[in-house]
Amino acid sequence: MKRLFKRSYLTLVLLFLYIPIVVLIFQSFNAGKSRAKWEGFSLRWYSALFEDQAIMKALYVTLTIAVIAAVAATILGTLAAIGIHAMQKRPQSIMMTMTNLPMTMPDIVTGISLMILFTFSKIERGYVTMLLAHITFNTPYVILSVLPKLKQMNKHTYEAALDLGASPSYALLHVILPEISPGVITGCLLAFTLSLDDFVISYFTTSPMVQNLSTLIYSKARIGIEPTLNALSALMFLALLALLLTVNHRAGKTAKA
Amino acid sequence: MSQSLNLPGWVFWLLGLMLLGMVLLALVAVRRTNGIKRSYFSAPYTLWMVLFTVVPVLLIAYYSLTDANGAFTLDNFKNFWDSNYSVNQLYAQMGPEYAVLIQRGTVNIGILAYSLWMALLCTVICLALGYPAAYFMADREIKIGSTLVVLFIIPMWMNFLLRTVAWMTLLEDQGLINGLLKALGLHGAQLMYNDGAVLLGMVYNFLPFMVFPIYTSLTKMDSRLLEAAQDLGADHLRTFWRVTAPLSVPGVISGISMVFMPSVTTFFIPRILGGGNTMMFGDLIENRFLTEGNWNVGSALSLIMMILILISLSVLRKADPEGEGGGIV
């Protein structure tokens with residue numbers, strides 16, 4: 001009885017989270033344009049999707065920015081984490097404050113402050129400014145996922161490697177890096193997803209000429225979203241789901257082996 | 001593609017050079033660790049953060065303390081306190097007979113109070129809904145806790161703007177819920193464009209951020225403590241209040257800060273689900289900057305927002321001094 005209650009409670013909460021997604025996917029298969037009326041099954045929005053220039057361009061912007069920003073933030077952040085870890089206490093706490101500051105700042109303030117910076121230094125807002133902004137808000141997340149791994153690491157392993165004749169660079173690549181790689185990968189994936197989903201910071205750091213999917217959706221939200229956008233997000237959703245399942249499957253396999 | 005993005009070519013060069021520089025620096029650092037102190041590895045990051053975080057924040061502070069001509073002034077903050085400030089100044093100059101017209105405008109304060117109230121409601125609802133969910137998930141009887149965590153994460157992969165727009169389909173006058181109500185022979189209701197709809201959208205978007213940290217703190221708990229409490233004769237309720245609840249405080253604190261903060265500053269949700277009938281502090285800031293182009297007042301508002309957030313975070317941190325709550329990671 002108690003177990004039934006627990007399960008139904010969790011089911012209800014999950015239902016609440018999934019209802020809009022189910023609605024969205026249904027709409028993408030709706031033959032009509034109306035949001036609420038079902039006019040029969042159709043794939044027309046999926047075929048229209050690939051001919052829609054604005055959406056394809058926004059998709060290109062979103063994906064390239066997410067990939068470049070995630071890679072840049074991972075390099076920058078991993079180096080920074082190794083550096084911060086090796087620091088004395090005082091400079092370390094200064095660096096941590098600087099890392100935490102953008103994470104505690106509301107997105108809207110981050111976005112606006114960068115907009116002011118770009119306008120102030122007469123840099124035209126667009127693709128590059130959006131990319132710079134994304135690298136900026138991603139890097140602290142990478143640092144915060146790498147640092148715990150560095151702290152967990154036994155520091156004698158590194159010293160042992162040196163004693164056994166490894167050069168510091170060799171030890172860094174072959175001892176430290178493999179140890180912290182789970183943190184690096186988590187940080188990179190986190191940066192990628194954050195970048196993919198960001199709206200507020202992109203909104204303030206780009207021009208209407210260069211839109212990512214979020215700002216495109218925003219500009220259309222008041223006129224009415226076309227079902228093509230629903231089709232696109234349904235596809236992206238499925239792609240991510242497939243990715244997760246393969247990763248899980250692989251992880252399961254290696255765990256067994 | 002680069003032509004259609006309408007950017008001067010040098011920007012791409014600059015960007016490419018920066019990325020190349022970073023990679024080179026990484027390589028050099030790795031090759032020559034013997035020569036370089038490892039703490040220098042964070043130099044590029046430090047430079048980056050100074051350029052893109054510290055300087056921008058200082059710029060906000062600069063704009064908030066100057067007027068349109070760049071002269072020092074506190075008017076922007078007075079404008080926050082009294083939204084009729086500039087008109088009132090005019091009346092005061094025009095002579096004593098106009099003094100009766102001077103009246104403090106409460107628009108900004110009102111919007112701030114409204115945002116704080118909505119954020120508070122959202123946080124309370126998220127806690128009320130999310131705590132039991134996290135508690136049941138962490139329950140060993142359920143066994144599929146980690147799968148459930150993934151189920152909570154998956155919805156967040158769908159663009160949150162689209163998910164919010166999808167609620168419109170459900171809530172609007174001709175929408176699914178009203179359709180269902182009418183099919184049952186009941187009256188339809190006006191569900192959109194009010195506080196309730198905005199609140200629903202906020203709870204919907206921020207609920208997972210309450211569930212995750214609480215779940216994490218509950219799973220970290222030593223289960224032997226519960227057994228000990230039961231052995232010592234405490235019943236379920238007593239065990240919960242005296243053992244489980246206190247141990248989950250760090251997760252709750254972390255959840256509260258992760259829900260409250262974005263709630264105060266959200267500006268998309270009220271615009272879509274509130275339909276412009278409601279304005280929150282985030283809207284106000286965006287409005288000052290992009291609609292009115294008044295950077296000085298906008299900066300003052302942003303600064304006030306930031307200080308409020310920092311104060312509330314430090315209060316919350318007092319309640320969880322060790323910062324054990326952690327984030328989603």
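**A helical chain A and its contact with chain B**

Read along the sequence, chain A runs α-α-α-α-α-α-α-α-α-α-α. That is 11 helices and 0 strands. The model is predicted. For the complex, the predictor gives an ipTM of 0.86 and a pTM of 0.85.

Start with the overall form of chain A. Its C-alpha trace spans about 75 × 60 × 35 Å along the principal axes. The radius of gyration is 23 Å, whereas a compact globule of 257 residues would have one near 18 Å. Buried residues make up 44% of the 257 residues in chain A. Among contacts in chain A with a separation of 6 or more, 78% join residues 24 or more positions apart.

Two residues of chain A show opposite settings. Leu144(A) sits in helix α6, residues 127-152 of chain A. Is Leu144(A) buried or exposed? It has 22 C-beta neighbours inside 10 Å, and 20 or more make a residue buried, so Leu144(A) counts as buried. Its C-alpha atom is separated by 7.9 Å from that of Ala81(A), and the two residues are 63 residues apart along the chain.

Lys122(A) lies in the loop between α5 (107-120) and α6 of chain A. It has 6 C-beta neighbours inside 10 Å; the limit for an exposed residue is 12 or fewer, so Lys122(A) counts as exposed. Its backbone also deserves a look. Phi of Lys122(A) is near 55 degrees, a positive value in a residue other than glycine.

Now turn to the contact between the chains. Chain B supplies 80 residues and chain A supplies 75 residues. On the side of chain B that touches chain A, helix α2 (residues 43-64) of chain B gives the most, with 12 residues. The residues on that side of chain B divide into 58 nonpolar, 15 polar and 7 charged.

The largest nonpolar core holds 147 residues. Which of them touch the most other members? They are Ala69(A), Cys122(B), Ala134(B), Val203(B), Phe206(B), Val211(B) and Val259(B). Take Val259(B) as an example. Leaving aside residues up to four places away in sequence, Val259(B) touches Cys122(B), Thr123(B), Cys126(B), Phe206(B), Phe209(B) and Met210(B). Cys122(B) and Phe206(B) are thus among the residues that Val259(B) touches, and both also appear in the list of core residues that touch the most other members.

Helix α7 of chain B covers residues 160-171. Its 12 residues should span 16 Å at 1.5 Å a residue; the end C-alpha atoms are 17 Å apart, which agrees. How much of α7(B) is buried? The count is 12 of the 12 residues, so the helix is largely enclosed by the rest of the structure. The buried residues include Phe160(B), Trp167(B) and Met168(B), along with Arg163(B), Thr164(B) and Thr169(B).

Finally, consider confidence in chain B. The pLDDT of chain B averages 83, and 88% of the residues score at least 70. Among the elements of chain B, helix α5 (residues 107-138) has the highest mean pLDDT, 93, and helix α1 (residues 9-31) the lowest, 69. Over residues 1-6 of chain B the pLDDT is below 50, and this stretch has 9 contacts in the model beyond near neighbours in sequence. Residues 324-329 of chain B also stay under 50, with 17 contacts beyond four places in sequence. Where pLDDT is low, predicted coordinates should not be read in detail.

Technical notes. Residues are numbered from 1 along each chain as its sequence is written. Chains are lettered from A and ligands numbered from 1 in the order in which they are written. This is a predicted model: local features need pLDDT of at least 70, side-chain atom pairs count only at pLDDT 80 or more; totals for chains, interfaces and linings use all residues. Helices (H or I, at least four residues) and strands (E, at least two) are DSSP runs, numbered from the N terminus. The expected span of a helix is 1.5 Å times one less than its number of residues. The radius of gyration is taken over C-alpha atoms; the globule rule is 2.2 Å times the number of residues to the power 0.38. Two residues are in contact if their C-beta atoms, placed from the backbone, lie within 7 Å. Ala, Val, Leu, Ile, Met, Phe, Trp, Tyr, Cys and Pro count as nonpolar, Asp, Glu, Lys and Arg as charged, and the others, Gly among them, as polar. A nonpolar core is a set of buried Ala, Val, Leu, Ile, Met, Phe, Trp, Tyr and Cys residues joined through C-beta atoms within 7 Å. pLDDT is the predictor's confidence in each residue, from 0 to 100.
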